[in-house]
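User: I'm new to this structure and would love a close look at one part of it. Could you take me through the aromatic residues and their surroundings, and then show me how that part sits within the rest of the protein?

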Amino acid sequence: MIELAYEHAEAAGLPLWCQDEAGPYQAIPQPGENWYPEGKPLLQPHEYVRGGTAKLLTLFRPHTGEVQATGVLSAPNAVLHPWLKKHLQPLLDHLEANPPVVRHPLPDDHLLMQTWQHWWWSYERPKPAPALRLILIWDNLKGHLSYDMVRWLLQHGILPLYTPISGSWLNMAESLQRIIVRRALAGQHPQTAQHIIEWLEQTVVGWNEHPTPFVWNGKRRRRRERARLRRLGGSGATVVHGYSIAE
């Protein structure tokens, strides 16, 4: 379902956003990308002190590379849900004022449209479902499934799609967060959690000046698949459920 959304949503005029909470990140010396002689591992400096933790609330649109992010000390539902509504509402207002170009509309029997109808019916029956306006990829956490939050999303034309257990790699916000965190913290020594928040948010500002779009199932994934097939003899017939018959 999530892969279908990545591949079809934007062309159907449905902006797709990914949300995730990165962290917690500790206010301690952060490792950089360095090599050390064997038997001489990196040691923490004598100034090593734990100065608290911070997290990064992230809303990411892979199609454009745009990121909306805020650093926080913690991310309970009381913090996350108002933050998400605050950032989603302007996106919906913009869609209403500037309808997206629909290159390939989704038919009513498309799995995404059927899922939208199912979600709406389970929460709002027997009212007719409004137009689907936006798709949100979200981790499968209990707080993300709260009745009030999901109902707010549905009433605003937002379809939530949850990554399965052990499937957070399907959320492209996680890939973006690894880039942001590495740029902001690698090799640094934040003294407080507020330092972490400031550095992360400054890095997000820099990213948005020249955002990089993300593509699902792009050239890199196809290259990896071709390399895997070559290791298995070059024939797809040698693969059963991802493993070689020779094994």
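Analyst: Happy to! Let's begin with the way the chain comes together. This is a predicted model, and among the contacts in the protein with a separation of 6 or more, 71% join residues 24 or more positions apart. The protein has 247 residues, and 42% of them count as buried. Its accessible surface is about 14600 Å², with 54% of that belonging to carbon and sulfur atoms.

For orientation, the protein contains seven helices and seven strands. Reading from the N terminus, their order is α-β-β-β-α-α-β-α-β-α-α-α-β-β.

Now to the aromatic residues. How many aromatic pairs does the count come to? The count is nine. A good one to start with is Trp119 with Tyr123: the ring centres are 6.0 Å apart and the planes meet at 20°, so this pair is stacked, as planes under 30 degrees apart count as stacked. Both residues belong to helix α3, which covers residues 111-124, and they are four residues apart, about one turn of the helix. Trp119 has a relative accessible area of 17%, so it is buried, the cut-off being under 20%.

For contrast, look at Trp207 and Phe214, an aromatic pair described as edge-to-face. Here the distance is 6.4 Å centre to centre, with 70° between the planes. Trp207 is buried at a relative accessible area of 3%, and Phe214 is buried as well, at 19%.

Back in helix α3, the stacked pair is part of a wider group. Which residues do ring pairs link into a cluster together with Trp119 and Tyr123? They are Trp138, Tyr147 and Tyr162.

Tyr123 is a helpful place to pause, because you can follow its contacts outward in the view. Setting aside residues up to four places away in sequence, Tyr123 touches Leu145, Tyr147, Val150, Arg151 and Leu154. One of these, Val150, is 27 residues from Tyr123 in sequence, and the two C-alpha atoms are 8.7 Å apart in space.

Next door in the sequence is Ser122, which also lies in helix α3. Is Ser122 buried, exposed or partly exposed? Its relative accessible area is 38%, so Ser122 is partly exposed, a class that lies between 20% and 50%. Ser122 and Arg151 are 29 residues apart in sequence, and from C-alpha to C-alpha they are 10.0 Å apart.

The residues touched by Tyr123 include Val150, Arg151 and Leu154, and that takes us to helix α4, made of residues 147-155. Helix α4 packs with helix α2, residues 77-97, at an angle of about 5°, and their axes are 11 Å apart. Angles under 35 degrees count as roughly parallel, and therefore α2 and α4 are roughly parallel to each other. On the α2 side the contact is made by His81, Leu84, Lys85, Leu88 and Gln89, and on the α4 side by Met149, Trp152 and Leu153. Sorted by class, this contact has five nonpolar, two polar and one charged residues.

Two further residues show how distant parts of the chain meet elsewhere. The first stop is Tyr25, another aromatic residue, placed in strand β1 (residues 16-26). With a relative accessible area of 18%, Tyr25 is buried. Apart from neighbours within four places in sequence, Tyr25 is in contact with Gly52, Thr53, Ala54, Val181, Leu185, Ile196 and Leu200. The C-alpha atoms of Tyr25 and Lys55 are separated by 6.3 Å, while the two residues are 30 apart along the chain.

The other stop is Ala11, found in the loop between α1 (2-8) and β1. Ala11 has 14% relative accessibility and counts as buried. Which residues is Ala11 in contact with, leaving aside its neighbours within four places in sequence? They are Val101, Val102, Arg103 and His104. Ala11 and Val102 are 91 residues apart in sequence, and their C-alpha atoms are 6.1 Å apart in space.

To retrace the route in your viewer, start at the stacked rings of Trp119 and Tyr123, move on to the contacts of Tyr123 such as Val150 and Arg151, and finish where α4 packs with α2.

How values were computed. Residues numbered from 1 in each chain as written. Predicted model: local features only at pLDDT ≥ 70, side-chain atom pairs only at ≥ 80, totals over all residues. Heavy atoms only, no water. Axes fitted to C-alpha atoms, helices over the stretch in contact; angles between N-to-C directions. Helix = DSSP H or I, 4+ residues; strand = E, 2+ residues; numbered from the N terminus. Parallel < 35°, antiparallel > 145°, perpendicular 65-115°, else oblique. Contact = heavy atoms within 4.5 Å. Nonpolar A, V, L, I, M, F, W, Y, C, P; charged D, E, K, R; others polar. Buried < 20%, exposed > 50% of the residue type's maximum accessible area, 1.4 Å probe, protein only. Areas by Shrake-Rupley, 256 points an atom, 1.4 Å probe, with all protein chains shown as cover. Phe/Tyr/Trp six-rings, centres within 6.5 Å; stacked < 30°, edge-to-face > 60°.
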